[in-house]
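I opened this model to look up a few things and keep notes. The entries follow in the order I checked them.

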Amino acid sequence: LAVIVLLNILVGVLSNRFPSVNLDLTQNGSNSLSETGAKIVDSVKIATSIYVLAAKQQVENDSVNSQAGVKYSQVGSLLAKIAERNPKIKVEYKDLDKNPTFAEDYKNENLAVGDVVVKTDKRYRILAYTDLFDIQYGSDYTTPSQVTSNVEGALASALSAVVSETLPVAAFETGHDEQQDMSAYKKLLENNSFETKDFNLLTEKVPENAQMIVLACPNRDYTDDEIRKLSDFLGSTA
């Protein structure tokens with residue numbers, strides 16, 4: 001009995017110091033880094049901060065966004081392994097109730113409990129819990145019927161985006177009373193290592209490094225000059 005107790009103590013101490021010691025007993029290995037994820041973590045060569053907007057105990061107890069049926073402890077488990085693997089990456093927990101000034105640096109982002117902020121001196125990315133988990137709802141549209149983890153993929157994509165020297169740009173034209181809300185599409189692109197920029201085709205040049213121009217259901221005709229700009233963009237080999 002004494003030996004068993006001693007082993008339990010040793011395992012507990014090692015698990016706190018080295019998260020990779022913890023066995024991943026989830027069915028699909030959702031608490032472990034894949035080979036691809038590990039390569040992305042290893043590629044980070046500059047100081048990177050990851051802020052989890054919740055108390056650490058809330059994360060460990062799966063009490064963050066539990067009403068959506070997510071196992072938020074996966075986020076904490078993976079981040080611990082990421083930080084252990086690469087000392088350039090630091091993970092901090094920020095309870096917004098106790099640290100209200102943290103959100104002041106992100107005034108236009110509507111930060112909420114459960115968001116994850118991945119940041120370097122180059123740029124930052126914000127992951128909502130809906131970026132970390134794909135949630136399908138039942139016929140009543142209120143009760144989650146299926147939850148799929150995308151924690152590793154979302155974190156890996158955010159890490160790649162914030163450390164890259166330059167990012168491909170998706171340029172959204174905004175000068176023609178566009179009718180389509182593009183916020184969800186922008187978020188999708190940003191989560192896949194794009195930078196999104198708004199611009200007015202009539203008065204501005206196409207943004208540098210633009211790989212695509214999005215025309216979101218314009219409500220007014222384009223001028224000949226604007227059409228020429230679009231044609232030049234499509235014919236560019238840059």
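**Entry: the three-stranded sheet.** I started with an open sheet of three strands, ordered β8-β7-β9 and paired in parallel. I noted its edge strands, β8 (195–199) and β9 (210–215), each pairing on one side only. I then looked up the twist: neighbouring strands in this sheet are turned by 25° against each other on average, with direction ignored. One caution goes in here: I am reading a predicted model.

**Entry: strand β7 and its partners.** How many bridges join β7 to β8? I found five, and the two strands run parallel. On that side I picked out one residue, E173, whose bridge partner in β8 is F199. Then I turned to β9. Strand β7 (residues 169–173) pairs with β9 in the parallel sense, over five bridges. There I looked up F172, and its bridge partner in β9 is V214.

I checked burial next. β7 is mostly covered, with five of its five residues buried. Which residues point which way from β7? V169, A171 and E173 point one way. A170 and F172 point the other way. I note that all of them are buried, E173 included.

**Entry: T48.** I moved to T48, which sits in strand β1 (residues 48–52). Buried or exposed? I read a relative accessible area of 1% for T48, and the cut-off for buried is under 20%, so T48 is buried. I listed its contacts, leaving out residues up to four places away in sequence. T48 touches K88, I89 and K90. T48 also touches V118, K119 and T120. L159, V162 and V163 complete the list for T48.

**Entry: Q146.** For a second residue I took Q146, in strand β6 (residues 144–149). Its relative accessibility is 48%, so Q146 counts as partly exposed. The class runs from 20% to 50%. What does Q146 touch, not counting residues up to four places away in sequence? I found D134, I135 and Q136. I also looked up the spacing to D134, which lies twelve residues from Q146 along the chain. The C-alpha atoms of Q146 and D134 are separated by 8.2 Å.

**Entry: helices α4 and α6.** I then took up a helix pair. Helix α4 (residues 73–85) packs with helix α6 (residues 151–163) at an angle of about 45°, and their axes are 10 Å apart. That angle makes α4 oblique to α6. The crossing of α4 past α6 is right-handed.

Which residues meet there? From α4 I wrote down Q74, V75, L78, L79 and I82. From α6 I wrote down V151, E152 and L155. I sorted the contact of α4 with α6 by class: six residues are nonpolar, one is polar and one is charged.

**Entry: whole protein.** I closed with totals. I counted eight helices and nine strands in the secondary structure. The protein has 238 residues, of which 35% count as buried. I also looked up contact range. Among contacts with a separation of 6 or more, 69% come from residues 24 or more positions apart.

Terms used:
Residues numbered from 1 in each chain as written. Predicted model: local features only at pLDDT ≥ 70, side-chain atom pairs only at ≥ 80, totals over all residues. Heavy atoms only, no water. Axes fitted to C-alpha atoms, helices over the stretch in contact; angles between N-to-C directions. Helix = DSSP H or I, 4+ residues; strand = E, 2+ residues; numbered from the N terminus. Parallel < 35°, antiparallel > 145°, perpendicular 65-115°, else oblique. Left-handed = near helix turned anticlockwise from the far one by under 90°. Contact = heavy atoms within 4.5 Å. Nonpolar A, V, L, I, M, F, W, Y, C, P; charged D, E, K, R; others polar. Buried < 20%, exposed > 50% of the residue type's maximum accessible area, 1.4 Å probe, protein only. Pairing = 2+ DSSP bridges.
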